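User: Please take a close look at one part of this protein, the surroundings of a buried glycine, and describe it in the setting of the whole chain. I would like each term explained with its cut-offs as it comes up.

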Amino acid sequence: MSNKGRIWFNGELRESADCMVHVASHALHYGSSVFEGIRAYDTPGGTAVFRGMDHLRRLKYSAAVYRIPMHYSVEELHRACCDTVVDSGLASAYIRPLVARGNCGLGVMPKDMNIVDVAIMVSPWGAYLGEEGLKNGIKACITSWNRLAPNTMPPGVKAGGNYLSSQLIGLEARDRGFEEGIGLGSDGLLSEGAGENIFLVQKGSLLTPPASSSILSGITRDTVITLAAEIGIQTRETSISREQLYAADEIFMTGTAAEVTPVRQVDHMTIGNGGCGPVTRKLQDEFFGLFNGQTEDKWSWLEPIR
C-alpha cells in the first residue's frame, strides 16, 4: 500500500513520518487490531465512498467483539475517511481504517484497555488480482490450510489476527503457481478464499457458503446478492462440497479489493468456458455500473466525499 497524502491518525491529519506507534504496541505482539478496506470511486457525480457507513459499522462491531474501545463515532470516522481522500488528491482510492491496541504493556491481557490508536490511510489500488484476472478470470486452488473452526476465533470479525490464516492460504497457492487460494472449513466444506467470498453459478442461480461456514460476510458479497436479486438471479446460501466447485458452470470471487473477479480454473480443472462466464459478466456490469452511472443506486450506497 503506497499511501498518498497525509494519514488521519488519532484525530488529525498528519504527515506519514509523524504517525508512529511503539514497538511494544499490543497489536504488534498479540494481533489485537481490527480494520476495514473501503473503496472510493470516481463517479459521474464526483468521488464517492462506496458503502462506507456499512464498513465502519462493521469496524465498530469488530472492535466491540474484542472489547477494543472506539474513541470515535462511526460518523466521525466517515468524515475522517472523506477528509483523508480529499487530502490525497485521488479521484478513486482504497481506504484503510485501522483500530489497534497501543503500548499498554506486555501480556496477553492489556493492562490499560483504553490505549488505542486509530489510523486511516488512503492509497491508489487497482484490480487486486490483476486486470487480466478481472477480465478473463484467475487460477485458484484448494489449499491444505483450513479456515478457522467455529468457536476458536470469530471469522465474522475483520480482525488483524484472522488474516494469518489468509496468509497461509495465499502463500501456499502462490508457491504452487496459482493466483489465489481457497480454504475449506474444519468440516471439509467450502469456506472462502484467502481474502474473498466465493460464488458458484449453477443453472443460472448463485450458490454461496452461509455465514456459518467460517466466512467473513463481505459487504461486496451482500452487494452482489442484492444486485443479482434486482435482475432476477436467485442466490442460495448453502453448504458446498469441494467437488461442486469442479462441476460449477461459473465461479467468481468478491471483496472490496477483488471486486467481482471470475475464476477460470480450480486445481487445474477448467471451470465453464474457461473465462468470464455470462452470469459473472452480467453481475460485473451491474456492479461497476454503480460507479459509471449505468446502474441506478437505489440503496444510497454511494456517499459523496464532500
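Analyst: A residue is called buried when its relative accessible area is under 20%, exposed when that value is over 50%, and partly exposed in between, using a 1.4 Å probe and counting protein chains only. By that cut-off Gly 255 is buried, because its relative accessible area is 12%.

What is shown is a predicted model, in which local features need pLDDT of at least 70 and side-chain atom pairs count only at pLDDT 80 or more, while totals for chains, interfaces and linings use all residues. Residues are numbered from 1 along each chain as its sequence is written, and side-chain values use heavy atoms, with hydrogens and water left out.

Gly 255 belongs to strand S14, which covers residues 250-255; helices (H or I, at least four residues) and strands (E, at least two) are DSSP runs, numbered from the N terminus. Although Gly 255 and Asp 222 are 33 residues apart in sequence, their C-alpha atoms are 9.9 Å apart in space.

Thr 220 is one residue that touches this glycine: leaving aside neighbours within four places in sequence, Thr 220 is in contact (heavy atoms within 4.5 Å) with Thr 254, Gly 255, Thr 256, Glu 259 and Phe 287. Thr 220 sits in helix H6, residues 219-230, and it counts as buried because its relative accessibility is 5%. The side chain of Thr 220 also makes a polar contact with the backbone nitrogen of Thr 256, at 3.3 Å. Such a contact is a pair of N or O atoms within 3.5 Å; within protein, one atom must be able to donate a hydrogen and the other to accept it, and residues adjacent in sequence count only if both atoms are side-chain atoms.

Further along the chain comes strand S15, residues 259-266, which holds Thr 261. Thr 261 has a relative accessible area of 2% and is therefore buried, and its side chain reaches the backbone oxygen of Ala 258 at 2.7 Å. Its contacts beyond four places in sequence include Phe 252 and Met 253, and also Leu 129, Gly 133, Leu 134 and Ile 138.

A link to a more distant stretch of sequence runs through Glu 259 and Phe 287, which are among the contacts of Thr 220 and also among those of Tyr 41. Tyr 41 lies in strand S4, residues 38-43, and it is buried, because its relative accessibility is 11%. Once neighbours within four places in sequence are set aside, the other residues that Tyr 41 contacts are Gly 46, Thr 47, Ala 48, Phe 50, Ala 91, Ser 92 and Phe 291. The C-alpha atoms of Tyr 41 and Phe 288 are separated by 9.8 Å, with their positions 247 residues apart along the chain.

Another glycine can be set beside this one, namely Gly 52 in helix H2, which counts as buried at 1% relative accessibility. Beyond residues up to four places away in sequence, Gly 52 touches Ile 38, His 78 and Glu 303, and its C-alpha atom is 9.5 Å from that of Glu 36, which is 16 residues away along the chain.

Two loop residues show the other side of the accessibility scale. Arg 67 lies in the loop between helix H2 (52-65) and helix H3 (74-88), where it has a positive phi of about 60 degrees although it is not a glycine, and its relative accessibility of 58% makes it exposed. Asn 151 lies in the loop between strand S8 (138-142) and helix H5 (163-175), has a positive phi of about 65 degrees without being a glycine, and counts as exposed at 81%.

For the setting, the protein has eight helices and 17 strands. Its radius of gyration, taken over C-alpha atoms, is 19 Å, close to the 19 Å given for 306 residues by the globule rule (2.2 Å times the number of residues to the power 0.38), so the protein is as compact as a globular protein of that length. Buried residues make up 52% of the 306, and among contacts between residues at least 6 apart in sequence, 71% join residues at least 24 apart.
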